[in-house]
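Reader: I have a few terms to clear up before I use this structure. Can we go through them one at a time?

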Amino acid sequence: MKRALALFMGLIVLGLLLTPINAAVTGINSSNTVIVLPTTKIVNGVPLHIGEDAITGSRLGAFLVLQGVSQGTYTKTVSIPVEYHSVLIPDENQTYKLNSRDMPDVGVNVGDEPVGHGVVIQVNFSRLDFNSTKKAAEFTDRSVEIIFNENTTPLDIGGDYKVVATTVDGKDTMYFYAYTEVDSTSSSLGESLSVGSWSMKFVDININQEEMLIDLIYPSGMIKQKTMEKGSYYIMYVDANGNEDFETFSTYPSVRITELLERGVKELFLFAPTDFFVGVGGTLMVTYNYWYYEKVKQYQDGDVYSGQWVWDIDPSNNLYVLYLHVNESAGFKRVFIGEGATLKLPTNWGLEIVPVFTKNNDGEIVGIEGYRFIRVASVTKKVSITAPKIEATDDVYKFIIEDTQLKDFPADKNVIIVGGWVSNKAWALLEQAYGKDTVDAIKSEIEQKGYVIKELKNPNNQNYKVIILAGKTYAETRLAVEKFMEEM
């Protein structure tokens, strides 16, 4: 009987479990219930109708599987890739600069000049060719350039940054600094301030003389005592060679800061006390501003940014050019873009250039009609669907069991006992859990009415139920099960 039920229920459950479980289903169903079937076959020489009870129980099992199926609406936020295209740009040997007229959804502040936060993306079509052998567009050296200023470099370290261009040993160089500026913050006597690799402890504060004594801890760990006055500026830095130094200025040292940054200083910490006062409870306080620069990148002319994209730095105009470099002798191989391929720009803008080919009547590529810019971006959308939501058992051997297997009422399940006390041994467990008087009352009700549908609280967890579906005969037991299913 057990194997037959397992096969029957397995087919039902397997079909239902093909749909993912997306939400919890409340109420009694196959995932939170145990059905207990009788196993006694002969009492006082009289055969009982166990087969009929088994069929009734399997019907109940199938019904409870279906109880775990309902319709639900599910909403999920998904990222959908969207492709934006420019107009077709003809190849007329011109120098073309991408603009928002040709591509309204370019996603970048593009223009004819790299001013403010504008970027120039230009294609020199005189440096693009059609390779008839490879049936592809060939991009030669400096055919594509991206021109930035100090406000728009493509490097992204998060937060603010400052780019400084200079010439080092005759080679144009760009230093890239992470930059932090803090205004009007306060600390009390005895506190410490750590900025980058530098740290200072406020040892003494003289309100009247508007000065303070600090312990300055250098990045190397060296400690020196310094006096700082209101209105003065103090530069602490680690130069390009790793040397540490401390300098004092009476006014904001913009010239010295620029000089140090152009020399490739590794760290620069500028500190300025602005006020000394007595705080709450008589605490001596100092208010100050500070600025901090930390070099995180540096490039020189010819350095590779990514792949075959190389830097050309112009310190005199504060311009930075990334260009496509082709030089086979130096390891920068020829660039061919065939059908279905694109040339990707080395930024996080998702911009690509794709050739549009012309074909003959046989579908063979014979030339290039023009080029398009493409931007692939992810657009976040909320998607709602209506679909089945299912909570169903994945183990029919634990869902429908024999009465001899029930040793106690599980604390995480409903229990349905099918059949009366003569055929189902689980009634002995009922008497242990609820007492003889309660069980005798249920038996008496069966004798009077012919069947019962009795719900009791699970003694091990009152959030679950123990349900008795029993009759004087198998037909009345079946009636109890049918009535129970109707009521649900």
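Reader: Why does Met222 count as buried, partly exposed or exposed?

Author: First, the basis. This is a predicted model, in which local features need pLDDT of at least 70 and side-chain atom pairs count only at pLDDT 80 or more, while totals for chains, interfaces and linings use all residues. Residues are numbered from 1 along each chain as its sequence is written, and side-chain values use heavy atoms, with hydrogens and water left out. Now the term. Buried means under 20% relative accessible area, exposed means over 50%, and partly exposed is in between, with a 1.4 Å probe and protein chains only. Met222 has 35% relative accessibility, so Met222 counts as partly exposed.

Reader: Where is Met222, and what is it in contact with?

Author: Met222 is in the loop between strand 14 (211-217) and strand 15 (223-229). Strands here are DSSP runs of E with at least two residues, helices are runs of H or I with at least four, and both are numbered from the N terminus. Contact means heavy atoms within 4.5 Å. Leaving aside neighbours within four places in sequence, Met222 is in contact with Leu216, Ile217 and Glu244. Met222 and Glu244 are 22 residues apart in sequence, and their C-alpha atoms are 9.9 Å apart.

Reader: What makes the phi of Lys135 worth a remark?

Author: Most residues other than glycine have a negative phi. Lys135 is not a glycine, yet its phi is positive, about 55 degrees. Lys135 sits in the loop between strand 7 (128-131) and strand 8 (136-139). Its relative accessible area is 37%, so Lys135 is partly exposed.

Reader: What about Ser184: which sign does its phi have, and why is it called buried or exposed?

Author: Ser184 has a positive phi of about 50 degrees, and it is not a glycine either. Ser184 lies in strand 11 (residues 171-188). Its relative accessibility is 56%, so Ser184 counts as exposed.

Reader: How do you know that strand 8 and strand 23 pair?

Author: Two strands pair if DSSP finds at least two bridges between them. Strand 8 and strand 23 are joined by 3 bridges and run antiparallel. They therefore pair. Glu138 has Phe336 in strand 23 as its bridge partner.

Reader: What is the strand order in that open sheet, and why are some strands called edges?

Author: The open sheet has 3 strands in the order 7-8-23, with antiparallel pairing. Strand 7 and strand 23 (335-337) each have a single partner strand, so one side of each is left without a neighbour in the sheet. On average, neighbouring strands of this sheet are turned by 35 degrees against each other, direction ignored.

Reader: What makes a space a cavity, and how many are there?

Author: On a 1 Å grid over the protein atoms alone, a cavity is a set of points where a 1.4 Å probe fits but cannot get out. A pocket is an open set with protein on both sides within 12 Å along at least five of seven lines. Lining residues have an atom within 4 Å of a point. The count comes to 2 cavities of 30 Å³ or more. The second largest cavity has a volume of about 30 Å³.

Reader: Which residues line the second largest cavity?

Author: Its lining consists of Ile89, Tyr96, Val123, Phe125, Leu128, Ile353, Tyr371 and Phe373. Ala, Val, Leu, Ile, Met, Phe, Trp, Tyr, Cys and Pro count as nonpolar, Asp, Glu, Lys and Arg as charged, and the others, Gly among them, as polar. The lining of the second largest cavity therefore divides into 8 nonpolar, no polar and no charged.

Definitions and conventions. Grid points are joined across faces, edges and corners, and a volume is the space filled by probe spheres set on the points. Axes are lines fitted to C-alpha atoms, for helices over the stretch in contact, and angles run from 0 to 180 degrees between N-to-C directions.
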